[in-house]
Amino acid sequence: MKRSTVIYIIVFAFMLIGCGILVLASDHNGSGATATVYLDGEIVAVVDLNTVTETWTLAVGGNTVEFSPGHVRMLDACCPDGLCVRQGYASVGKPVICLPNRVMLVISGPADTGVDAVAG
Amino acid sequence: MKRIHPNRLTQTALLAAIALGVWYLESLLPPFTAVPGVKPGLANCLTLYALYTLGRKEAAGVLTVRVLLAAVLAGGMGSFLYSAAGGLLCLLVMLCVKLPPQQMWVTSVFGAIAHNAGQLTVAALLMRTAVVFVYLPHLLIAAILAGTLTGLTAQFAYFRLHKYTKEG
């Protein structure tokens with residue numbers, strides 16, 4: 001085997017390992033934080049997940065977002081593959097993104113505003 | 001304008017047709033992961049094969065025909081933007097980093113990385129957010145694995161088929 005081939009294999013192997021670590025490291029537990037819902041890059045709703053006591057849903061751009069105590073997920077989507085539904089609950093560093101409908105659920109650190117639920 | 005040899009033209013058209021067929025069959029597969037954009041990209045085997053057996057222009061032709069016809073037949077405007085940006089970047093990188101045939105799979109991996117980077121950029125522009133780049137590590141892993149798979153496929157085909165399709 002050529003020397004350069006060996007080097008390429010080693011470089012790609014390191015990239016695989018590095019990316020694997022990044023993927024695993026980004027998988028935090030998302031409870032107790034603020035969820036921001038985006039549609040077309042604009043903020044649609046900001047919800048402090050600590051204050052959610054019972055499950056409720058919100059319709060955003062053809063998708064249904066479900067808020068439950070400490071968690072938020074895409075409950076339903078009108079696109080054919082429904083990848084965002086399969087992504088499960090959003091967490092810090094692991095947002096749920098629906099590309100076809102351009103809806104995004106982003107979790108940020110613990111809320112400091114004290115606002116219960118703001119929709120705007 | 002220099003006329004293209006019928007042999008080359010026929011081979012390019014044949015590869016483009018196979019690429020479209022492979023692309024369609026692949027689109028029937030269920031998604032592999034919940035991360036959007038993770039797929040084997042088998043149609044790139046044909047672009048790669050065209051690049052090594054016929055040349056740069058022919059490879060560009062195979063890719064352009066496949067992306068345009070795929071958009072007309074199956075996809076909408078959205079998926080066309082993704083596949084055009086990904087395909088174009090992939091082609092440019094493979095043209096620049098065209099290694100010897102024994103290392104075709106390495107060229108393929110570089111192309112796959114460029115493809116996924118291009119798609120992620122389109123996603124960021126369409127979504128108007130950089131948040132989509134959290135998928136970069138996932139897509140890099142996918143690019144390395146899928147690029148190796150499609151590259152080795154094209155490489156094996158090259159060493160077994162090319163002697164039969166050479167001109168003259």
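I looked first at helix 4 and helix 5 of chain B: their crossing is right-handed (near helix turned clockwise from the far one by less than a right angle). Helices here are DSSP runs of H or I with at least four residues, numbered from the N terminus. The two axes, lines fitted to C-alpha atoms over the stretch in contact, come within 7 Å and cross at roughly 145 degrees, on a 0 to 180 scale between N-to-C directions. The residues of this contact (C-beta atoms, placed from the backbone, within 7 Å) divide into 13 nonpolar, 9 polar and no charged. Gly counts as polar in that split.

This is a predicted model, where local features need pLDDT of at least 70, side-chain atom pairs need 80 or more, and totals for chains, interfaces and linings use all residues. Residues are numbered from 1 along each chain, and chains are lettered from A in the order written.

Next I checked the length of helix 4 of chain B. Its 20 residues should span 28 Å at 1.5 Å times one less than the residue count; the end C-alpha atoms are 28 Å apart, which agrees. I listed its buried residues (20 or more other C-beta atoms within 10 Å); among them are Tyr82(B), Leu89(B) and Met94(B). Their cover includes helix 2, helix 3 and helix 5 of chain B.

Then I turned to the chain pairing. I found 21 residues of chain B in contact with 27 of chain A. Helix 5 and helix 6 of chain B each give two or more residues to that side. It divides into 15 nonpolar, 5 polar and 1 charged.

Last, I looked up Val109(B). It touches Phe12(A) and Ala143(B), among others.

Conventions:
Contact = placed C-beta atoms within 7 Å. Buried ≥ 20, exposed ≤ 12 C-beta atoms within 10 Å, placed from the backbone. Lists of a residue's contacts leave out its neighbours within four places in sequence.
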